[in-house]
Amino acid sequence: MSALLTALSGQRPEKLPVWFMRQAGRSLPEYKKVREGTTILEACLKPELAAEITLQPVRRHGVDAAIFFSDIMMPLVLAGVGVEIHSGVGPVIDEPIRTAEDVDALVGREMADPSAISEAVRLVVDELGDETPLIGFAGAPFTLAAYLVEGKGSRDHLAARTMMHADPHSWQRLLAWCAELSGEFLRVQVDAGARAVQLFDSWAGALTRADYVERVAPHSAAALAAVEGLVPRIHFGTGTRHILDDMAACGVEAMGIDYRTPLDEAAWLLPGLPLQGNIDPALLAAGWDALERHALDVVERGKAAPAHIVNLGHGVPPTTDPGVLTDLVALLHAL
Ligand code: CP3
């Protein structure tokens, strides 16, 4: 079995598996070259291009997994929601969802034919063979809803958090719809050959524990249930120390830990679960000595968990020198 899947099954493989969130994309010159003249959302719908971008970091760095090149907004795009990606800003929604009527009009929509996604996954899996698994992913219902309600990224997600209390019924319908889309997007990737999935609840850390448990977690659980028993499931968010066990209870085989929580503490909070993480992305540009010291400390703390998949504590920053990532993979594989 591949090192990644061994670790996700709770065993310790011979070599430490490593991959990086956002390994495919903006930090690679070969990515900038093939993406030229194509918007990100167009690129996600061109199977050959999406497959090529997915494979680039595997060839360059020798990482132990590919992560599918797409975006958490794709299911919304396929459901006909007007979304644009503004450079330096992120996703922007044409008509933010603010009222019960907006929610009513939205939840009737269905995801259009996802064959461009399936085709891209198949191309990647054919090229990777059995050694290197492809990880599929989706945005979690809260993170999707936060973009839909706010209309763009936000620091405290005030409009979304207000809606969940001002109109709980609409909130629950909105999240149930997002969960259906997330689950379907995961399932499409798994049916086409993805061997694991990761659910990204990037903004869940903005929630109180009570709101997360009552108004969000059941929907994340519904999305994850779409691939239950088919492939191992990883759940990741940032700023989530206060809800780590609630996120794990959504039904997962491993938890992704952001850079703020040391892995030995996370292992104590999540007994028995394989952990993924959590090299601080800031250290990638802090010089090799500081990075090496930090990476070895992360590995040491990771020994408190039954199994450890090395990753960053959030995505690769766009300004990262790709050579540093290649050296980091070599360091970890030599341990
Ligand atoms: O690497 C790149 O920046 C190039 C391609 C790109 C992606 N998304 C790929 C992606 C671009 C330009 C976007 C737009 C986008 N979507 C942004 C702005 C990015 C930026 O910094 O300018 C944001 C914030 C989104 C929304 C989004 N997409 C979130 C919140 C997440 C979850 C992960 C996270 O960063 O918190 C994604 C996932 C995503 N976007 C992936 C990819 C390839 C999959 C996950 C991965 O590769 O690890």
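**Exercises on a ligand shell and a nonpolar core**

In this predicted model, 20 residues surround the ligand, and the closest are Met21, Gly25, Gly90, Phe200 and Ser202.

**Exercise 1.** Work out how the residues of the shell around the ligand divide into nonpolar, polar and charged.

*Solution.* Sorting the shell by residue type gives 10 nonpolar residues, seven polar ones and three charged ones.

**Exercise 2.** Take the positions that UniProt lists under "binding site", and decide for Arg22 and for His314 whether the residue is buried, partly exposed or exposed.

*Solution.* The unreviewed UniProt entry lists Arg22, Gln23, Ala24, Gly25, Arg26, Asp71, Tyr147, Ser202 and His314. These positions are spread over 293 residues of sequence and also in space, with up to 23.0 Å between C-alpha atoms.

Arg22 belongs to the loop between helix H1 (3-8) and helix H2 (29-35). Because 18 other C-beta atoms lie within 10 Å of it, Arg22 is partly exposed. Apart from residues up to four places away in sequence, Arg22 touches Gly315 and Val316.

His314 sits in the loop between strand E9 (308-312) and helix H15 (322-334). It has 23 C-beta neighbours inside 10 Å and therefore counts as buried. Leaving out residues up to four places away in sequence, His314 touches Met21, Thr238, Asp258, Tyr259 and Pro281.

**Exercise 3.** Find which residues have the most contacts inside the largest nonpolar core, and follow the contacts of Ala194.

*Solution.* The largest nonpolar core has 115 residues, and Ile135, Ala145, Ala194 and Val197 have the most contacts inside it. Helix H10 (residues 168-191) gives the most to this core, namely 11 residues. Beyond its neighbours within four places in sequence, Ala194 is in contact with Phe68, Val121, Leu134, Ile135, Gly136, Gln189 and Val231.

Key: Residues are numbered from 1 along each chain as its sequence is written. This is a predicted model: local features need pLDDT of at least 70, side-chain atom pairs count only at pLDDT 80 or more; totals for chains, interfaces and linings use all residues. A nonpolar core is a set of buried Ala, Val, Leu, Ile, Met, Phe, Trp, Tyr and Cys residues joined through C-beta atoms within 7 Å. A residue is buried if 20 or more other C-beta atoms lie within 10 Å of its own, exposed if 12 or fewer, and partly exposed in between; C-beta atoms are placed from the backbone. Helices (H or I, at least four residues) and strands (E, at least two) are DSSP runs, numbered from the N terminus. Two residues are in contact if their C-beta atoms, placed from the backbone, lie within 7 Å. A residue is near a molecule or strand if its C-beta atom, placed from the backbone, lies within 6 Å of it. Ala, Val, Leu, Ile, Met, Phe, Trp, Tyr, Cys and Pro count as nonpolar, Asp, Glu, Lys and Arg as charged, and the others, Gly among them, as polar. UniProt positions are given in the numbering used here, feature names are shortened, and annotations may be inferred rather than shown by experiment.
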